[in-house]
Amino acid sequence: SKLEEKHHKFLLGSYMEEYMMIDLRGDTDYKDIKLVAINKGQYRSDPVEIKLVRTKPPSMRQRLQKELQRAKSCEDENIDTDFYTGFMQRENCEDYISRLEADLAGGIEQGGED
C-alpha cells in the first residue's frame with residue numbers, strides 16, 4: 001500500500017470535547033495523528049499524538065452507496081461488476097442501478113447497518 005501524508009486544519013468555531021473525522025476510508029490504518037488545541041487567544045496546546053487508528057470496515061449501506069455512485073458514472077450500456085457475486089460479470093447498467101437503489105432503499109427502511 002502507498003503511504004500518503006496529508007495535513008488538515010479544522011477550525012471548529014467553539015468549545016468541543018469530541019470531533020468526528022469524516023471521509024476516512026474503511027478498514028484502513030491511519031498513523032501519527034497529531035491534535036493541537038488552539039484557544040480564542042490563539043494559544044496552542046502541546047500536540048497530542050495518536051499513534052494508530054484503524055477504521056471499521058465499510059458497512060453494506062456505505063458499499064451500496066459507493067457502488068451506486070460508480071454505476072451512475074458509467075457512460076456505457078453495460079457495466080462490469082463483482083459487487084454481488086464476488087466474480088466479474090457484465091450487467092445492463094440501468095437494471096443494475098435499479099437493483100442497487102432498491103437494495104439501498106430496502107436496507108434503510110429495515111433499519112439496515114450504517
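**Close-up views**

**View 1. Q42, a loop residue with a positive phi.** Q42 counts as exposed, because its relative accessible area is 59% (over 50% is exposed, under 20% is buried and anything in between is partly exposed, for a 1.4 Å probe and protein chains only). This is a predicted model, where local features need pLDDT of at least 70 and side-chain atom pairs count only at pLDDT 80 or more, while totals for chains, interfaces and linings use all residues. Residues are numbered from 1 along each chain as its sequence is written, and side-chain values use heavy atoms, with hydrogens and water left out. You'll find Q42 in the loop between β1 and β2 (48-54); strands are DSSP runs of E with at least two residues, helices are runs of H or I with at least four, and both are numbered from the N terminus. Q42 isn't a glycine, yet its phi is positive, near 65°. Now look across to Q89: it sits 47 residues away from Q42 along the chain, and the two C-alpha atoms are 56 Å apart.

**View 2. D32, a positive phi inside a strand.** D32 belongs to strand β1, which covers residues 29-35. Its phi is positive, at about 55°, although D32 is no glycine. Is D32 buried or exposed? Neither: with 43% relative accessibility, D32 is partly exposed.

**View 3. F83, Y84 and Y96, a cluster of rings.** There are two aromatic pairs here (Phe, Tyr or Trp rings, using the six-membered ring of Trp, with centres within 6.5 Å; planes under 30 degrees apart are stacked, over 60 edge-to-face and the rest tilted). One of them joins F83 to Y84, with 5.1 Å from centre to centre and 90° between the planes, making the pair edge-to-face. F83 is buried, at 14% relative accessible area, whereas Y84 is partly exposed, at 27%. Y84 also pairs with Y96: their ring centres are 6.2 Å apart and their planes meet at 90°, so this pair is edge-to-face too. That second pair links distant parts of the chain, with Y84 in the loop between β3 (78-81) and β4 (89-92) and Y96 twelve residues away in helix α2 (residues 93-109). Y96 is buried, with a relative accessible area of 0%. Put the ring pairs together and you get a cluster of F83, Y84 and Y96.

**View 4. R99 over the ring of Y84.** Stay with Y84 and look at the face of its ring: R99 lies over that face, 3.6 Å from the ring centre. A charge is over a ring if CZ of Arg or NZ of Lys is within 6 Å of the ring centre and within 35 degrees of the ring normal.

**View 5. T55 and two backbone nitrogens.** T55 sits in the loop between β2 and α1 (60-72). With 15% relative accessibility, T55 counts as buried. Which backbone nitrogens lie 3.1 Å and 3.0 Å from a polar side-chain atom of T55? The nitrogen of D27 is the one at 3.1 Å, and the nitrogen of T28 is at 3.0 Å. In this view, T55 therefore appears as a buried residue, at 15%, whose side chain has a polar atom 3.1 Å from the backbone nitrogen of D27.

Methods. Polar contact = N/O pair within 3.5 Å; in protein donor to acceptor, adjacent residues only side chain to side chain.
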